[in-house]
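I opened the notebook to look up a few things in this structure. Here is what I went through, entry by entry.

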Amino acid sequence: VQLQASGGGLVQAGGFLRLSCAASDRTFSSFAMGWFRQAPGKEREFVAAINWSGGFTYYADSVKGRFIISRDNAKNTVYLQMNSLKPEDTAVHYCAKHRRRYYSGDNYESATDFGSWGQGTLVTVSS
């Protein structure tokens with residue numbers, strides 16, 4: 001499967017961006033999807049996840065109330081709406097596909113549970 005992330009860019013603090021991640025495979029609607037990010041010199045960290053049906057979403061505390069994850073299974077695409085951006089949101093953002101089909105748990109924070117990754121899109125927030 002190929003995951004193509006897009007939508008990153010340079011924005012001022014307080015601004016917004018919408019990331020998209022398009023999947024090439026037909027099984028997209030059967031798998032949870034997640035967004036992770038990695039800032040320079042830091043480890044990759046969990047941002048948000050959405051279950052296979054779109055009925056359950058989960059966020060890191062650092063983005064809760066500012067970011068919204070959604071998906072359109074008809075378009076094989078997952079989105080990350082990022083509002084009220086802060087300089088500390090600056091990072092390469094990656095989309096990823098969960099390893100387990102129809103995963104129904106509530107733990108999405110481990111990157112090792114995601115088996116396919118996009119190439120990443122850079123988000124830069126200036127102060």
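**Entry: Lys-42.** I looked up Lys-42 and found it in the loop between strand 4 and strand 5. This is a predicted model, so I keep that in mind for every entry below. Is Lys-42 buried or exposed? Its relative accessible area is 58%, and the cut-off for exposed is over 50%, so Lys-42 counts as exposed. I then checked its distance to Ala-91: the two are 49 residues apart in sequence, yet their C-alpha atoms are 9.4 Å apart in space.

**Entry: His-93.** Ala-91 led me on to His-93, since the backbone oxygen of Ala-91 lies 3.1 Å from a polar atom of the His-93 side chain. I placed His-93 in strand 9. Its relative accessible area is 0%, so I noted His-93 as buried. Which residues does His-93 contact, apart from neighbours within four places in sequence? I listed Leu-19, Trp-35, Phe-36, Arg-37, Leu-80, Met-82, Gly-120, Thr-121 and Val-123.

**Entry: His-98.** I stayed in strand 9 for His-98, which lies there too. The relative accessibility of His-98 is 4%, and buried means under 20%, so His-98 counts as buried. I found its side chain reaching the backbone nitrogen of Arg-100 at 3.0 Å. With neighbours up to four places away left aside, the contacts of His-98 are Phe-31, Ala-32, Tyr-103, Tyr-108, Asp-113, Phe-114 and Gly-115.

**Entry: the disulfide.** How many disulfides does the structure hold? I found one, formed by Cys-21 and Cys-95 with their sulfur atoms 2.0 Å apart. Cys-21 sits in strand 3 and Cys-95 in strand 9, so the bond ties together parts that are 74 residues apart in sequence. I looked up the S-S torsion as well: it is about 60 degrees, so this disulfide is right-handed. Both Cys-21 and Cys-95 are buried.

**Entry: the open sheet.** I traced an open sheet of four strands, in the order 1-3-8-7, with antiparallel pairing. Which strands are at the edges? They are strand 1 and strand 7, each of which pairs on one side only. From one strand to the next, the twist averages 15 degrees. I zoomed in on strand 3 and strand 8, which pair in the antiparallel sense over six bridges. Leu-19 has Leu-80 of strand 8 as its bridge partner, and I had already met both among the contacts of His-93.

**Entry: the nonpolar core.** My last stop was the largest nonpolar core, which has 33 residues. Which of them touch the most other members? I noted Trp-35, Ile-69, Val-78, Leu-80 and Met-82. Among the elements that give two or more residues to this core are strand 1, strand 3, strand 7 and strand 8, the strands I had just traced in the open sheet. Strand 4, strand 5, strand 9 and strand 11 also give two or more. The largest share, five residues, comes from strand 5.

I picked Ile-69 for a closer look. Not counting residues up to four places away in sequence, Ile-69 touches Met-33, Trp-35, Ala-48, Ala-49, Ile-50, Thr-57, Tyr-59, Val-78, Tyr-79 and Leu-80. As background, I jotted down that nonpolar side chains in soluble globular proteins tend to be buried together.

Terms used. Residues are numbered from 1 along each chain as its sequence is written. This is a predicted model: local features need pLDDT of at least 70, side-chain atom pairs count only at pLDDT 80 or more; totals for chains, interfaces and linings use all residues. Side-chain values use heavy atoms; hydrogens and water are left out. A nonpolar core is a set of buried Ala, Val, Leu, Ile, Met, Phe, Trp, Tyr and Cys residues joined through side-chain atoms within 4.5 Å. Buried means under 20% relative accessible area, exposed over 50%, partly exposed in between (1.4 Å probe, protein chains only). Contact means heavy atoms within 4.5 Å. A disulfide is a pair of cysteine sulfur atoms within 2.5 Å. A polar contact is a pair of N or O atoms within 3.5 Å; within protein, one must be able to donate a hydrogen and the other to accept it, and residues adjacent in sequence count only if both atoms are side-chain atoms. Two strands pair if DSSP finds at least two bridges between them. Axes are lines fitted to C-alpha atoms, for helices over the stretch in contact, and angles run from 0 to 180 degrees between N-to-C directions.
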